[in-house]
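Trainee: Could you take me slowly through the salt bridges in this structure, looking closely at the residues that form them and at how exposed each one is?

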Amino acid sequence: MNKIKIPKATAKRLPLYYRYLIILNEEGKAKVSSTELSEAVQVDSASIRRDFSYFGALGKRGYGYDVKSLLSFFKKILNQDTLTNVALVGVGNLGRALLNYNFKRSNNIRISCAFDINKEITGRILSGVPVYDMSDLKQQISDQQISIAILTVPSSAAQRTTDDMVEAGIKGIMNFTPIRLSAPASVRVQNVDLATELQTLIYFLDSDKAKDSDL
C-alpha cells in the first residue's frame, strides 16, 4: 500500500474487503463477484471495482474474483504477516476498554505497552499489557521499536503528550481526544471523535424521520 498511490477512502475500505474474504475462504468459496462483495461490506460495486483497479487486473470479466488469490494479495498489501506493536497512552476508562479489546480479531496488531501518570496502575500488568509511567515513554518506545500510538489522555494533556510522543519517535497517532493535534508533517494523525460520529448519526436519523413525516 506504500508503493501504490491510492485515495484515503480506498485505503480505509481495504481492511473491510480483507475481513470478508477471510470469511469466504473459511466457507470454502472459490470466487466472488463485486456485487456479492458490495452486499456484504455495504460499498457499492462500482466503488469496489474502482478500488481494485488501482492494483491492476485482480479479477476476470464474467468470472469475478478468485477468493484465494485476492485474499493472498490483500494479505500482502495490508502486511498481515507482520506483527505491529502499538502503544496506548492514557489508561482511563476508554484506555482500559481498548486494553481489554486489544485487537483480538486481528492477527497482526497488538497493544504491547501502555503509559499513564496514575501511580496506582503504573508498574502493573492490565489485561496482559504492562503499564509504564509516562517518564518511561521515550525509553520503551525506542526499546520496543514502536512507531504507532493510541492517544486516550484528557484533553488538557493531549498536545503536551503528543509532543512527548513525537520526540520519542512515534510516527502515527490514533487520536481519541476531541483536540485537533499539532504535529510535524512527518507524523500521521488519525482522529477518532466518538461524539462527532454519534452526532452525525443522530442528524441523519432525524433527517430520515423528517422525510418520513413529509410523505
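Mentor: Before we begin, a residue is called buried when its relative accessible area is under 20%, exposed when that area is over 50%, and partly exposed in between. Please keep in mind that this is a predicted model, in which a search of the whole structure finds 4 salt bridges.

Let us start with the pair formed by lysine 119 and aspartate 133, whose side chains meet at 2.8 Å, N to O. This pair links distant parts of the chain, since lysine 119 sits in the loop between strand E4 (109-116) and strand E5 (125-126), while aspartate 133 belongs to strand E6 (residues 129-133), 14 residues apart. Aspartate 133 has a relative accessibility of 17% and therefore counts as buried, whereas lysine 119, with a relative accessible area of 62%, is exposed.

Another salt bridge joins the side chains of lysine 138 and glutamate 167, at 3.7 Å from N to O. Because lysine 138 lies in helix H6 (residues 137-143) and glutamate 167 in helix H7 (residues 155-168), the pair ties together parts that are 29 residues apart in sequence. Here lysine 138 is partly exposed, with a relative accessible area of 48%, and glutamate 167 is exposed, at 55%.

Finally, glutamate 36 and lysine 29 also meet through their side chains in a salt bridge, with 2.4 Å from N to O. Glutamate 36 is partly exposed at a relative accessible area of 29%, and lysine 29, at 32% relative accessibility, counts as partly exposed too.

How values were computed:
Residues numbered from 1 in each chain as written. Predicted model: local features only at pLDDT ≥ 70, side-chain atom pairs only at ≥ 80, totals over all residues. Heavy atoms only, no water. Buried < 20%, exposed > 50% of the residue type's maximum accessible area, 1.4 Å probe, protein only. Helix = DSSP H or I, 4+ residues; strand = E, 2+ residues; numbered from the N terminus.
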